[in-house]
Amino acid sequence: MFSDQVCSVRLHDLLEVDPERFIATEGRGKSIPGWVEERLLAFPFVVVRRGMATERKIPVGVRGETRNQRWAASCHRACVKKIITPPQLLQCAVSESRAQAIPALRSLFLLKVRWRDFDLPWGPGGSIAFELATGRQVANPKSDLDIVVYADNRLTKNEAKRLCAVTADLPSEIDIRVETPRCGFSLREYSSANSNILLRTPTGGMLGRDPWQHDLRIANANQVVKSERGQR
């Protein structure tokens, strides 16, 4: 997931941070949006994003109350108090009333049953992950269910098709992202494509047939847009 494999965290992990130390470290030499400080003091969690990591800094994102409140930053390792992984979030309990109100939460429950024999690490991402980790009710009835699958070894096209097939009738839209040691990609696109697919790397979007091999080339803006539209 990172260009520097010494990192002990993975893409999509949620990090509980020391908010005051994080703000002080990130605020050196640059302006921090006011909502970021307010948000972190109330809910001191950031998500590991795709980017170039170093031994000291982890690329992270801060999410606010609205969709346009997203702030990219770098978190010093010393600011991290706790790491919460997507697979750990599968153990979180959800009240029946909340599950009835949020289709994506019901979809996650159903997927846990249907994927019970799936032996790769996986779990929720996005707003559902944030809600389960923090207890903050950020998901809404229209929220998609984002799923992260960590696949260090190759998934076959048939395996990908089987995994996608059981999601067809879930109560919410579902977006399944697979993360290899080199890049990330859409499971649905991979399962159905006979040519290059969009691969997300720490340096940007690229095209390739095999996410586990070195056959990548830079994707231009039109190709990225076309691929994104095809996943909806």
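Accessible areas are obtained by the Shrake-Rupley method with a 1.4 Å probe. For this protein, the accessible surface comes to about 12,300 Å², and carbon and sulfur atoms account for 47% of that surface. The structure is a predicted model, and the values in this report are to be read with that in mind.

**Overall structure**

The protein contains nine helices and 12 strands. It has 232 residues, of which 46% count as buried. Among contacts between residues at least 6 apart in sequence, 63% join residues at least 24 apart.

**Confidence of the prediction**

The average pLDDT of the protein is 88, and 88% of the residues score at least 70. Two stretches stay under 50, as the table shows.

| Stretch | pLDDT | Contacts beyond four places in sequence |
|---|---|---|
| Residues 1-7 | under 50 | 31 contacts |
| Residues 221-232 | under 50 | 12 contacts |

Where pLDDT is low, the predicted coordinates should not be read in detail.

**Helices H5 and H6**

Two packed helices are described by the angle between their axes and by the distance between the axes. Helix H5 spans residues 103-114 and helix H6 spans residues 126-134. Their axes come within 10 Å and cross at roughly 85 degrees. Angles of 65 to 115 degrees count as roughly perpendicular, and H5 and H6 are therefore roughly perpendicular to each other.

On the H5 side, the contact is made by Ala104, Leu105 and Leu108; on the H6 side, the partners are Ile128, Glu131 and Leu132. By class, this contact of H5 with H6 has five nonpolar residues, one charged residue and no polar residues.

How is H6 placed with respect to the rest of the structure? Eight of its nine residues are buried, so H6 is largely enclosed by the rest of the structure. The buried residues are Ser127, Ile128, Ala129, Phe130, Glu131, Leu132, Ala133 and Thr134. Glycine 135 follows H6, and its phi is positive, near 85 degrees.

**Cysteine 164**

Helix H7, which covers residues 157-165, contains cysteine 164. Is cysteine 164 buried or exposed? A residue counts as buried under 20% relative accessible area; cysteine 164 has 6% relative accessibility and therefore counts as buried.

Leaving aside residues up to four places away in sequence, cysteine 164 touches Leu187, Arg188 and Ser191. Arginine 188 lies 24 residues from cysteine 164 in sequence, while the C-alpha atoms of these two residues are 6.4 Å apart in space.

Terms used: Residues numbered from 1 in each chain as written. Predicted model: local features only at pLDDT ≥ 70, side-chain atom pairs only at ≥ 80, totals over all residues. Heavy atoms only, no water. Helix = DSSP H or I, 4+ residues; strand = E, 2+ residues; numbered from the N terminus. Buried < 20%, exposed > 50% of the residue type's maximum accessible area, 1.4 Å probe, protein only. Contact = heavy atoms within 4.5 Å. Axes fitted to C-alpha atoms, helices over the stretch in contact; angles between N-to-C directions. Parallel < 35°, antiparallel > 145°, perpendicular 65-115°, else oblique. Nonpolar A, V, L, I, M, F, W, Y, C, P; charged D, E, K, R; others polar. pLDDT = per-residue confidence, 0-100.
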